[in-house]
Amino acid sequence: CPAGSYVTDAGACEACPAGTVTSVANATSCRSCPGDMEANAEQTDCYCPVPGTQQVGIGTCGELQHLDI
């Protein structure tokens, strides 16, 4: 089974349920995205859905930080 899906008890591949992800092939389960984050369309990763934000902690999205160089 590719990333974004899991192996069922019967040995079949199923897409992760909506709002859950797995980034590894042949996973036996999918996990929920933490906090403010949402699953991407492929259900392989979690991301911050609000434009101009990035992950700043476990499951926490915050404003993008710009560095002046």
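The legends below walk through a predicted model, from the whole chain to a few close-up views.

Residues are numbered from 1 along each chain as its sequence is written. Local features need pLDDT of at least 70, side-chain atom pairs count only at pLDDT 80 or more, and totals for chains, interfaces and linings use all residues, while side-chain values use heavy atoms, with hydrogens and water left out.

**View 1. The whole chain is built with 8 strands and 0 helices.**
Following the sequence, you will meet the pattern β-β-β-β-β-β-β-β. Here helices (H or I, at least four residues) and strands (E, at least two) are DSSP runs, numbered from the N terminus. The C-alpha atoms fill a box of roughly 55 × 20 × 20 Å, taken along the principal axes. The radius of gyration of the chain is 15 Å, whereas a compact globule of 69 residues would have a value near 11 Å. That radius is taken over C-alpha atoms, and the globule rule is 2.2 Å times the number of residues to the power 0.38.

**View 2. The surface of the chain comes to about 4,700 Å² of accessible area.**
Carbon and sulfur atoms hold 51% of this surface. Accessible areas come from the Shrake-Rupley method with a 1.4 Å probe, and for residues only the protein chains shown count as cover. Of the 69 residues, 28% are buried. Buried means under 20% relative accessible area, exposed means over 50%, and partly exposed lies in between (1.4 Å probe, protein chains only). Among contacts with a separation of 6 or more, 17% come from residues 24 or more positions apart; a contact means heavy atoms within 4.5 Å.

**View 3. Val21 belongs to the largest nonpolar core.**
Which residues make up this core? The 7 members are Val21, Cys33, Met37, Ala39, Cys46, Cys48 and Cys61. A nonpolar core is a set of buried Ala, Val, Leu, Ile, Met, Phe, Trp, Tyr and Cys residues joined through side-chain atoms within 4.5 Å. Leaving aside residues up to four places away in sequence, Val21 touches several others, including Cys33, Ala39 and Cys46. Gln43 is also among the residues that Val21 touches.

**View 4. Cys1 and Cys13 form one of the disulfides.**
The structure holds 4 disulfides, each a pair of cysteine sulfur atoms within 2.5 Å. With the bonded cysteines numbered in sequence order, the pairing is 1-2, 3-4, 5-6, 7-8. The sulfur atoms of Cys1 and Cys13 are 1.9 Å apart. Because Cys1 lies in the segment before β1 (5-7) and Cys13 in strand β2 (residues 13-15), the pair ties together parts that are 12 residues apart in sequence. The torsion about their S-S bond is about -100 degrees, so this disulfide is left-handed. Cys1 counts as buried at 17% relative accessibility, whereas Cys13 counts as partly exposed at 45%.

**View 5. Two disulfides involve residues of the core: Cys33 with Cys46, and Cys48 with Cys61.**
In the pair of Cys33 and Cys46, the sulfur atoms are 2.2 Å apart. Cys33 lies in the loop between β4 and β5 and Cys46 in strand β6, so the pair ties together parts that are 13 residues apart in sequence. Cys33 is buried at 14% relative accessibility, and Cys46 is buried at 11%. For Cys48 and Cys61, the S to S distance is 2.1 Å. Cys48 lies in the loop between β6 and β7 and Cys61 in strand β8, so this pair ties together parts that are 13 residues apart in sequence. The torsion about the S-S bond of Cys48 and Cys61 is about -95 degrees, so the disulfide is left-handed.

**View 6. Strands β7 and β8 form a hairpin.**
Strand β7 (residues 53-57) and strand β8 (residues 60-63) pair in the antiparallel sense over 4 bridges; two strands pair if DSSP finds at least two bridges between them. Thr53 has Glu63 as its bridge partner in β8, and Gln54 has Gly62. There are 2 residues between the strands, and Gly59 of this hairpin takes a positive phi near 75 degrees.

**View 7. Asn26, Gln43 and Gly35 are found in loops.**
Asn26 sits between β3 (20-21) and β4, and its phi is near 60 degrees, a positive value in a residue other than glycine. Gln43, between β5 and β6 (46-47), also has a positive phi of about 60 degrees without being a glycine. Is Gln43 buried or exposed? At 17% relative accessibility, Gln43 counts as buried. Gly35, between β4 (31-32) and β5 (38-39), is exposed at 69% relative accessible area. Gly35 and Gly57 are 22 residues apart in sequence and 9.6 Å apart in space, C-alpha to C-alpha.
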